[in-house]
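Q: I'd like a close look at one part of this protein and what lies around it. Please keep it friendly for a first-year student.

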Amino acid sequence: MSKNSIENERPVISCLNVWKVFGANATDFEKEKLDNLNENTLTAKKWTAAVCDVSFDIGRGEVFVIMGLSGSGKSTMVRCMSRLIEPTSGDVNIEGENLLSVSDEKLIEIRRQKMGMVFQHFALLPNRDVLGNVAFPLQVQGISRKEREVRASEMISLVGLEGRENFFPAELSGGQQQRVGIARSLASNPSIWFLDEPFSALDPLIRSDLQDELLRLQAQLNKTIVFITHDLDEAIKIADRIAIMDQGRIVQIGTPEDLIMRPANEYVARFTKGVPKSKVVKVSTIMKPVAGNHAKTSSFLNINDRVADVADILTKTQEAIGVRNDGGDIVGVVDRETFIRILAGADIK
Ligand SMILES: Nc1ncnc2c1ncn2[C@@H]1O[C@H](COP(=O)(O)OP(=O)(O)O)[C@@H](O)[C@H]1O
Ligand SMILES: [Mg+2]
């Protein structure tokens, strides 16, 4: 994703003041008027506000992670974005279309054509093989058997399960089953990809493999991704931006670096406390700018590299390190001492 794509293009997903209130007669909520609504009203009415006044825009090709503790409203929010759950109030726009005012038929069409979904519990059909599971969404759309099986086979190869087309879910490991879930969600070539804790049920090593796999796929496919997790390491690894939810509200939205260097409140700080700064701090943050496309160095980093990811440069040079932007221009230098200090966990001065 380039920054420009967010700034210049219309957002792909735009949520404005979205609320979801659960409870008897929760539709009364709209009549209550937002100014009168507080914890007391919610308690008195026995309502739960799972999502409270959430607004954000997501740009094309962006990986937007929603993170928060269990029960903070993440699943409810992502379901509001596809209207699997009807928001109680607010607006959800998908590629410029008001999702909340479209007919049921149109909604189904938008979901089929634009949205792929992956859930924590893989939700595979146990009596269908891998090919049948991946082809299923296309079958529902009435696509011919031949065509859907060609497409499904491509998706199966894409996620590294070639040769297992005729295995049944029970014959696959958890990681393989989730690869099937991923292949199925991509079968109809959606532009938007919703993943709700897709790797949370997996062992750490498998989980890490699948995170790498997701990044590899994203580099190839460039979807607009909404990814839910309660794991900060996972969020940092894959996110362009992270939204932190607490009790239904978004308390901060920013890059991993923003959240760790400038947590908005105690809740965010608690989440981010143990994260080494070097994992999120970019070279751009610690470099000294230079003018005129010139630095007396022989080694170079990219301005967007994260310090921990490029630590091995220190073994290759004894000098200051040059910094290039995406266009290849020299824009700064980092001295070795600063670099080593950040790697050792020091704060940025
Ligand atoms: N169908 C429902 N009816 C009543 N309360 C619900 C329902 N779904 C979710 N909730 C409540 O909404 C809050 C947020 O839930 P959820 O969105 O599942 O959180 P998360 O995905 O972050 O764990 C929780 O307090 C949960 O109990
Ligand atoms: Mg959830």
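Which are the buried residues of α6?

A: A word on ground rules before we dive in. This is a predicted model, where local features need pLDDT of at least 70, side-chain atom pairs count only at pLDDT 80 or more, and totals for chains, interfaces and linings use all residues. Residues are numbered from 1 along each chain as its sequence is written, chains are lettered from A and ligands numbered from 1 in the order in which they are written, and side-chain values use heavy atoms, leaving out hydrogens and water.

Now to your helix. The buried residues of α6 are V130, L131, G132, N133, V134, A135, P137 and L138. "Buried" is under 20% relative accessible area, "exposed" is over 50%, and "partly exposed" is in between, using a 1.4 Å probe and protein chains only. That makes eight of the 11 residues of α6 buried, so the helix is largely enclosed by the rest of the structure. The labels come from DSSP runs numbered from the N terminus: helices are H or I runs of at least four residues, and strands are E runs of at least two.

What does the covering? Among the elements over the buried residues of α6 are α7 (145-158) and α8. Just past the end of α6, G142 takes a positive phi of about 80°.

Next, follow α6 (130-140) to a pocket. Along with α5, β6 and α8, α6 gives two or more residues to the lining of the second largest pocket. P137, one of the buried residues of α6, is also among the lining residues nearest the pocket's centre, together with R111, R112, M115 and M117. There are 17 lining residues in total, and the space inside is about 490 Å³. By class, 10 of them are nonpolar, four polar and three charged. (Nonpolar covers Ala, Val, Leu, Ile, Met, Phe, Trp, Tyr, Cys and Pro; charged covers Asp, Glu, Lys and Arg; the others, Gly among them, are polar.)

How is a pocket found? On a 1 Å grid over the protein atoms alone, a pocket is an open set of points with protein on both sides within 12 Å along at least five of seven lines, while a cavity is a set where a 1.4 Å probe fits but cannot get out; lining residues have an atom within 4 Å of a point. Points are joined across faces, edges and corners, and the volume is the space filled by probe spheres set on them.

The largest share of that pocket's lining, four residues, comes from β6, so let's go there, since four of the five residues of β6 are buried and it is largely enclosed by the rest of the structure. β6 belongs to an open sheet of six strands in the order β6-β7-β8-β3-β9-β10, with mixed pairing. β6 (115-119) and β10 (249-254) are at the edges with a single partner strand each, so one side of each has no neighbour in the sheet. From one strand to the next, the twist averages 15°.

Strands pair if DSSP finds at least two bridges between them. β6 and β7 (residues 192-196) run parallel and share five bridges. In detail, V118 has L195 of β7 as its bridge partner, and G116 stands opposite W193.

Two helices sit against this pair of strands. Helix α5 (residues 104-114) lies across β6 and β7 at about 75° to β6. Helix α8 (residues 174-186) packs on the sheet and touches β6 and β7, its direction making about 165° with that of β6. Here, touching means heavy atoms within 4.5 Å. Axes are lines fitted to C-alpha atoms (for helices, over the stretch in contact), with angles from 0 to 180 degrees between N-to-C directions.

β6 has one more story to tell. The whole structure has one cavity of 30 Å³ or more, and the largest cavity has a volume of about 60 Å³. Its lining is V78, R79, S82, L84, M117, V118, F119, F194, L195 and D196, with α4, β6 and β7 each supplying at least two residues. That lining divides into seven nonpolar, one polar and two charged residues. Notice that M117 is in this lining and also lies among the residues nearest the centre of the second largest pocket.
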